[in-house]
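User: Could you walk me through how the parts of this structure meet?
Analyst: Happy to! Let's look at it together.
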Amino acid sequence: MNHKAAVLEVKGLRVSRGGAETVNVPSFSLFSRETVALIGPNGSGKSSFLLSLACLLPSAEGDIFFNGELINRKKLTEYRRSLAMVFQEPLLFDTTVYKNVASGLIFRSVSPQEIRKRVESSMERFRISHLAERSARKLSGGEAQRTSLARAFATSPVLLLLDEPFAALDPPTRKNLTDDLALALRESEIATVMATHDQFDALYFADRLAVMQKGAIVQMDATFSVVKHPVNEFAAAFAGMENILKGSVLKAENGMFSMSVGNETIQVTGVRLPGEQVTVCIRPEQITLANSRPDRLLSGQNQFLCRIVRIITLGLYSRVYLECGFVLVSAVANQTVQNLELSHDGKVYALFDSSALHLLDG
Amino acid sequence: MELVFDGIVTAWQLLISLDQELLAVTILSLKVSGLATFISVLIGILGGTCTVLAEFPGKRLLISLVNTSMGLPPVVVGLFVTIMLWRNGPLNMLDILYTPTAMVIAQTIIATPIVTGITIASLQSLPSNMKLQILALGASRIQMVWILIKEARLALLAGIMAGFGGVISEVGASIMVGGNIKGYTRVLTTATVMETSMGNFDKAIAFGLVLLLVCFIINYFLTRVQQKERLR
Amino acid sequence: MKRVMQTLFAVALSLVMMLGSLPAVASTKTIILATTTSTQDSGLLDALIPLFEKESHYFVKTIAVGSGQAMAMGKKGEADVLLVHSPDAEKKFMQDSYGSSRKLVMHNDFIIVGPALDPAGIKGVKTSAEAFKKIAASGKLFISRGDNSGTHAKEKLLWKAAGLTPEGNKWFQQTGLGMGQTLNVAAEKKAYTLTDRATYLALKKNLNLSVLVEGDARLLNVYHVIEVNAAKWPKVNSAGGKAFSDFMVSGKTQAVIGSFGVDKYGSPLFFPDAGKRPESLGL
């Protein structure tokens, strides 16, 4: 991607609040037309990072280059007029939907005819034209967030910063809005940074993922790479690797090692030295269940007799929570649950391959 | 009970005959308190907004001082202003003791903390990200302040009502710095007190009723504006 | 919103215009008269001041307070002329040369009033001292001004003359209020009190209090007009003070004083005394 020019480049960004460092990002680049999703647990500095990208945190230090130009105090308002930001709360003004959508343009002293044109097209894009004259106070959560997005898009920003824009919405509302936003982003070619802790949103929107932890970006890569090789527990859980097991290495040989987890021992593909503390994770889909011990155990296959703690049916799949000296979650087809006659407190064998275990660094 | 009835009858007679004294006293009350409220709204909204938006050491102390001053006893303000304005006081060059101007000053001192305090509270009650959202929409600093004030306007209107209600109904400061001089600094409250001590209860009640009526009409008007905004 | 803003703007504009329309008077043509509440409460000043203003073209700022505060204002040069009735304090005031001239204007008298049933049995008693002793002995409630006014000063003298120290007794309460309000309190509590006749007559219709003791020479309430000494306080408007002082003792004014209240109460409230020697009043 390096052949493309970065829309936004950040160097040495640090934010401290009350003496503690909340953001420390030595470098970050955003290219035109791409969407980067910022993921990370609450308090990892996603919001602070987004705000400092918009130069909205007075305590932020560091340089921000927009289209190669360093943003200083003088260029601040001009810079902010090339971007738009949408927060988790719609933060609408106490006036009509129309005037809300127009507000960014009014700040820019755009001519009334131009405002009308752009507001109407933006309202149409987010399907709120029928609400134009309604008071912003009388909108549902979804309508309000649509208005907020329309307000951001009306200014035709080059850069869009989204701070968990769907977090406060209920699932059906969210689904509709997600589709509309995705379409709008695709059509408009805006470079976007979106903070989210929703797995679906991140995978749906992002070209690249940036994983934040304690104020730092610990992993930034193409979405599929992060999902395949998550760098830490959060990214692993985010990528759907719900089973996270910790333990110490007992024995290592031939690109394999065994580690102790609880009172059990599991086989892992990878290279680690004995005595090392390691964390491995695995997706629930990769844990298969069986009623009887297989005739022949393949090398590198893990197998444990477990007690079924709980079975939760979700659509076509069921999640089976297992106690096998440590806790595992397995996702199996409902048909399997019936065939194996799984039931609460019953016994079952859990099987997973040593190569399905993903080894986290550090 | 008879007294109250007499008072209402007298008040009614004075009102419908457009009694010159009653009219003059009422108009002066409105002028003095209206002007004091207006000035305190200018100072209060500006000062309150600056206080909320600026970061400086002692900000919380200042806010708690303002909040404490919201309940300044009018007599204390009256005493302070009187001492300041005495012929031999520090501000004697103004030469305005026992004038309506002095009353406006005293009432402004009473109303300003009320308006400032409510301005601060109403701006602080806006969502904390509102300011950032406005800036992120490309607003200049002045545009941001204007939008914030517009967002808080309903609460600010309440502040104006509280300020006006506070000063038009206070008597302690007005009587001290104004002197209750007939036809010059006599306002509804001081006239009510004086007529009471003269034993003219009917006239006192008449003045009192007019005071209530004035407060009611003005608050009714402002409340209607407020409610209309709210329901819109 | 636009309409609201327009309305607010219009209100603001009219208020600013009001600033110019607040009445203002040049200070050289203004005099500050500090006087007792009794002269204002009786309505006498409302009759006299317009006459004076018309004749002299001075604008009088009448500040009606207790005699004590009126004299304090004179001492600090915050008033130009005083109309007060605390003879002893006034003499001290003149000795300390706070005043440049002091003229006898008029008197009215004090009376002891109380509930018509008169539980302490003071009706018809000849002297105030005797009446006070009876009230003290009976333990019936007595309401005092307690505000260092002329009336309060007079009352304290009377207690002293009767050889009593009322302070601290359960039957002795102080209001700290003006005469009119103190009378109202006394009426409400069915108590005795000392009042000037003028205020009593003016309020009589609303009070359930009867005149019980009157006529004692000690009960006279004598008013003097005092010009504040401009030598002590250069800011004092001495010309204005003198004009008012002269006005108060002029024949025409004295005639107005003598007839004031006759039409309303059937008897005068004040007795003009200008030019008399204080001794003729038993002072």
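Analyst: A definition to begin with: angles under 35 degrees count as roughly parallel, over 145 as roughly antiparallel, 65 to 115 as roughly perpendicular and the rest as oblique. Keep in mind that this is a predicted model.

User: How are α3(C) and α10(C) oriented to each other?
Analyst: The axes of helix α3 (residues 44-56) and helix α10 (residues 238-249) of chain C come within 11 Å and cross at roughly 120°. That angle falls in none of the named ranges, so the word for α3(C) and α10(C) is oblique.

User: Which residues of α10(C) does α3(C) meet?
Analyst: α3(C) passes α10(C) in a right-handed crossing. From α3(C) come C:Phe52, C:Glu55 and C:Ser56, and their partners in α10(C) are C:Ala243, C:Phe244 and C:Phe247.

User: Which element gives the largest share of the side of chain C that touches chain B?
Analyst: This contact takes 27 residues from chain C and 21 residues from chain B. Elements giving two or more residues on the chain C side include α2 (37-42), β2 (59-65) and α8 (179-189). The largest share there, five residues, comes from α1(C).

User: And which element gives the largest share of the side of chain A that touches chain B?
Analyst: Here 19 residues of chain A are in contact with 15 residues of chain B. On the chain A side, α2 (76-80), β6 (83-86) and α3 (97-107) each give two or more residues. With three residues, the largest share comes from α3(A).

User: How many residues of that side of chain A are nonpolar?
Analyst: The side of chain A that touches chain B has five polar and five charged residues. Its nonpolar residues number nine.

Definitions and conventions. Residues numbered from 1 in each chain as written. Chains lettered and ligands numbered in written order. Predicted model: local features only at pLDDT ≥ 70, side-chain atom pairs only at ≥ 80, totals over all residues. Contact = placed C-beta atoms within 7 Å. Helix = DSSP H or I, 4+ residues; strand = E, 2+ residues; numbered from the N terminus. Nonpolar A, V, L, I, M, F, W, Y, C, P; charged D, E, K, R; others polar. Axes fitted to C-alpha atoms, helices over the stretch in contact; angles between N-to-C directions. Left-handed = near helix turned anticlockwise from the far one by under 90°.
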